[in-house]
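Welcome, and thanks for opening the viewer. Load the model, colour the chain however you like, and follow the stops below.

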Amino acid sequence: MGERNDQPQGPHAAEESGAQEIEATVVLGLRITDWPALRAAARTAVEELDFAGIDPEGQRAQLLREVAEDPNAALGALLHPDRLVAALPGIEALGGTLEISVTDDFAPDFAELFPLDDGDTGDWTLTPRTACLLHTQLISLSDAGYEDLDDHGDDPVTVADEGDWTVFGRLQQRTWNLHRGWRRAFARAFDDLADDLALGEWPLPRCPAEDVALRLALADARTLLGAQPESVADMMGDLPADLYDYDWDGCADELFGVYGPDEEDSDLDAGQRIDRLLAATHPEGWFLGYEDAEERDPGRGYRR
């Protein structure tokens, strides 16, 4: 005879044993520090999901595209309640929702990313305040570029309506008829340089498009500082001040020409060499990386 089992059995066992239904709320504050790693993990998670209904493989392909381009989608795939609960023993998921939002006040800690040298060696440096203002302008230009796309798509820029374009009307006229894909890639160039700053790296252009993007950001930073100095001061908060703050000429000297066309003519500075390269290169080739620059992740996707 088998041993007696006094433990509740059957579908109502949980109720009879005193088990409870619990609603748990978890609020997480997250900062993405390695987008390629996050994207790779999300892709793996999507590959492991079971899709039902019509065209399950089409659903999987669509979600793979989304997690490849959107950090929110990647987090959604990894933080889905069913996926989290599956790793916990002794519980059954009764349902749940996931909400992800980007905090409007997030900003990198530029004082930590670009520490000032207490020894004051006299060497030029990218200061926290300069990095902060430049990062703000790069993000703003990227936003404006994507908004141009939303408003105009593949429409050509014309002399009559160039003022209606926030970003692409400012570029050389030979770019005005280029397609949406080119414009999207150019908007991403601002984000690439902003990401460099958010990682504590100097935004050194790695291709001609990034040279153009950085020029626009530096010009806008200079203009904003001159027109709204009090607003810029408020933006800086407690960031430490330094002699090299807002040294835009120094930025031009130090950030341009690290990668790019060789100094074949000693009479030309970095800006002039870049101008010559841009004139000789079709805009479709502006995204080809400089030979001596590290290639950016080709699968990094777009913000939108």
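**Stop one: helix H2**

Start by selecting Ala40, which sits in helix H2; helices here are DSSP runs of H or I with at least four residues, strands are runs of E with at least two, and both are numbered from the N terminus. Ala40 is partly exposed because its relative accessible area is 40%; on this scale buried means under 20%, exposed means over 50%, and partly exposed is in between (1.4 Å probe, protein chains only). Now add Ala74 and draw a distance: the C-alpha atoms of Ala40 and Ala74 are 8.9 Å apart, although 34 residues separate the two along the chain.

Before you move on, a word on what you are looking at: this is a predicted model, in which local features need pLDDT of at least 70, side-chain atom pairs count only at pLDDT 80 or more, and totals for chains, interfaces and linings use all residues. Residues are numbered from 1 along each chain as its sequence is written, and side-chain values use heavy atoms, with hydrogens and water left out.

Stay in helix H2 and select Arg39. Is Arg39 buried or exposed? Arg39 is buried, since its relative accessible area is 3%. Show what surrounds Arg39: not counting residues up to four places away in sequence, it touches Val67, Ala68, Asp297, Gly299, Arg300 and Gly301, where contact means heavy atoms within 4.5 Å.

**Stop two: the whole chain**

Zoom out and switch to a cartoon. The chain has 12 helices and zero strands, so the pattern read along the sequence is α-α-α-α-α-α-α-α-α-α-α-α. Of the 304 residues in the chain, 37% are buried. Among contacts with a separation of 6 or more, 68% are between residues 24 or more positions apart. With a surface view on, you are looking at about 18800 Å² of exposed area, 49% of it supplied by carbon and sulfur atoms; accessible areas come from the Shrake-Rupley method with a 1.4 Å probe, and for residues only the protein chains shown count as cover.

**Stop three: helix H8 and its salt bridges**

Next, select Asp191 in helix H8, residues 180–198. Asp191 counts as buried because its relative accessibility is 10%. Leaving aside neighbours within four places in sequence, Asp191 is in contact with Ile139, Ser142, Tyr146 and Arg303.

How many salt bridges does a search of the whole structure find? The search finds nine, a salt bridge being a side-chain nitrogen of Lys or Arg within 4 Å of a carboxyl oxygen of Asp or Glu.

Pick Asp192 and Arg296: these two form a salt bridge, with 3.9 Å between the closest N and O atoms. Asp192 lies in helix H8 and Arg296 in the segment after helix H12 (270–280), so this pair ties together parts 104 residues apart in sequence. Both Asp192 and Arg296 are buried.

Now select Asp196 and Arg206, another salt bridge, whose closest N and O atoms are 3.6 Å apart. Asp196 belongs to helix H8 while Arg206 is in the loop between H8 and helix H9 (208–227), so the parts tied together are 10 residues apart in sequence. Asp196 is buried, with a relative accessible area of 4%, and Arg206 also counts as buried, at 15%.

Then show Asp275 and Arg215, whose side chains meet in a salt bridge (2.7 Å, N to O). Asp275 lies in helix H12 and Arg215 in helix H9, so the pair ties together parts 60 residues apart in sequence. Asp275 counts as partly exposed, at 40% relative accessibility, and Arg215 is partly exposed too, at 29%. Finish this stop by selecting Asp192, Asp196, Arg206, Glu210 and Arg296 together: salt bridges that share partners join them into one network.

**Stop four: two surface patches**

Bring the surface back and select Val26, Leu28 and Leu30, which form a nonpolar patch with about 330 Å² of accessible area together. Patches are made of residues with over 30% relative accessible area and no salt bridge; like charges are joined within 9 Å, and nonpolar side chains (Val, Leu, Ile, Met, Phe, Trp, Tyr) within 5 Å. Leu30 lies in the loop between helix H1 (13–16) and helix H2 (35–48), and at 54% relative accessibility it counts as exposed.

For the last selection, take Asp117, Asp123, Asp253, Glu254 and Asp269, which form a negative surface patch. Lys and Arg count as positive and Asp and Glu as negative, while His and the chain ends are not counted; each charge is placed at NZ of Lys, CZ of Arg, CG of Asp or CD of Glu. Within this patch, Glu254 is in helix H11, residues 248–255, and is partly exposed, with a relative accessible area of 34%.
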